[in-house]
Amino acid sequence: MAIGSGLGAQVGIAAESSYGTYVAPTKFVEFTKESLQLRKVTAQSQGIAANRLLALAARRVVTQRSGAGNLEMEVTNKAMGTLLQTLMGTSVTPVQQAATAAYLQTHVLADTAGKSLTIQKGVPLTTGTVTRKNFLGCKIISAEFSCEVGGMLTASFEIDSKDCEETSVLAVATYPSMAPFHFAQMSLKTGVYASEVARNGIRKVSVKIERPQATERYYAGQSGTKAEPIANDLVKITGSIEGDYVDTILDDLHTSDATTALVWDFTGPLIAATHYERFTVKLPAIKIDDAPPTVEGYDVVKPTLSFTGLYDGTNQPSIEYMSTDVTL
């Protein structure tokens, strides 16, 4: 029997082979907050009958079903691969580094067609009985990663779901031993692609990747549920960099509107040989949109620079993930 509060909750995920077809969760993520919920559209019959003063309950129907919400968590050194693959779109097989226990996942930006998840959440009653809600056909619409002084690297995934059912059994949650990435492991580099240089004075970084999709593909013959969303706009990558005004390097990029590559890296403990646990966001081309070094008092000047990620014509944005995960 679980604890009858959020302490007894669980979230399990599994990659689907067919959009919206339930797959029993095989991987369980440690999350900090979730807001996944069923969404339904109803229609009420308006037929007039003599002396009837109230609409009939039997004449209300559900015409559409879907699900949506956010899943928030700390980015850890294990179990992130399935979520990253669903966000970025590339089918990834972890690559063993030499003969070590280190495996590198390289998630390159690609179309997300065919990439969907079953997400099962277990919600405890106060009695300790855990109810289950199975969200089918989950597509990641956006993800935002963020880390600041003294904090963990966090991720917030925006989810769109085809449907929610409560019949499939609750899976037994198991968790690997894992640790979060955090500020003490963080570095930020900018400069010429593949030759970026570490920047000083950085206090906070955030990167958001948006995957715009047609999520309203409701057609006859589908029992009120949607067809798989498809990309219907350009990918949007934005972010911000907060730091002390230690030099004018990034400020000058704002002034000139020149292009720079950005590498945001978290390097954890050694796995083996020269291979460390690692989470790295690589953006081959960004433009600084706003970099106002304004003086607001006696304290050190702390500008916040917003940026947009773009395509350099050759290299795609990617997320690299080094862990001991042999599979996603």
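Why is helix α1 (residues 81-88) largely enclosed by the rest of the structure? Here are my notes, starting with that one.

1. Helix α1 is largely enclosed because eight of its eight residues are buried. Going along the helix, you meet Gly81, Thr82, Leu83, Leu84, Gln85, Thr86, Leu87 and Met88, and every name there belongs to a buried residue. Click one step further: just after α1 comes Gly89, which takes a positive phi of about 105°. Do keep in mind that you are looking at a predicted model.

2. Now zoom out. The protein has two helices and 21 strands. Its C-alpha trace spans about 80 × 45 × 40 Å along the principal axes. Of its 328 residues, 46% count as buried. The protein exposes about 16,000 Å², and carbon and sulfur atoms supply 54% of that area. Look at the contacts too: among those with a separation of 6 or more, 71% are between residues 24 or more positions apart.

3. Next, the inside. In soluble globular proteins, nonpolar side chains tend to be buried together. In this model, the largest nonpolar core holds 50 residues, and the ones touching the most other members are Phe145, Leu153, Phe157, Val207, Trp264, Phe279 and Ile319. Strand β9 (residues 130-148) gives the most to this core, namely six residues. Another core lies apart from it; that one has five residues, including Ala102, Leu104, Ile271 and Ala272.

4. Strand β21 (residues 318-323) deserves a good look. Six of its six residues are buried, so β21 is largely enclosed by the rest of the structure. In a regular strand the side chains alternate between the two faces of the sheet. For β21, one side carries Ser318, Glu320 and Met322, the other carries Ile319, Tyr321 and Ser323, and both faces are covered.

5. Who pairs with β21? Strand β7 (residues 103-108) runs antiparallel to β21 and is joined to it by six bridges. As an example, Val108 has Ser318 as its bridge partner in β21. Strand β19 (residues 275-290) also pairs with β21 in the antiparallel sense, over five bridges. There, Phe279 stands opposite Tyr321.

6. Rings next. The whole structure has six aromatic pairs. One of them is Phe145 with Phe157, an edge-to-face pair at 6.1 Å centre to centre, with 90° between the planes. This pair links distant parts of the chain, as Phe145 sits in strand β9 and Phe157 in strand β10 (residues 154-161), 12 residues apart. Phe145 counts as buried because its relative accessibility is 0%, and Phe157 counts as buried because its relative accessibility is 0%. Ring pairs also gather Phe145, Phe157, Phe181, Phe279 and Tyr321 into a cluster. So if you picked out Phe279 and Tyr321 in point 5, you have already met two members of this cluster.

7. Last, try Arg278, which lies in strand β19. Is Arg278 buried or exposed? Its relative accessibility is 18%, so Arg278 counts as buried, given that the cut-off for buried is under 20%. The side chain of Arg278 makes a polar contact with the side chain of Thr280, at 2.9 Å. Leaving aside neighbours within four places in sequence, Arg278 is in contact with Leu104, Phe181, Asp265, Phe266, Thr267, Glu320, Tyr321 and Met322.

How values were computed: Residues numbered from 1 in each chain as written. Predicted model: local features only at pLDDT ≥ 70, side-chain atom pairs only at ≥ 80, totals over all residues. Heavy atoms only, no water. Core = buried A, V, L, I, M, F, W, Y, C linked by side-chain atoms within 4.5 Å. Buried < 20%, exposed > 50% of the residue type's maximum accessible area, 1.4 Å probe, protein only. Helix = DSSP H or I, 4+ residues; strand = E, 2+ residues; numbered from the N terminus. Pairing = 2+ DSSP bridges. Phe/Tyr/Trp six-rings, centres within 6.5 Å; stacked < 30°, edge-to-face > 60°. Contact = heavy atoms within 4.5 Å. Areas by Shrake-Rupley, 256 points an atom, 1.4 Å probe, with all protein chains shown as cover. Polar contact = N/O pair within 3.5 Å; in protein donor to acceptor, adjacent residues only side chain to side chain.
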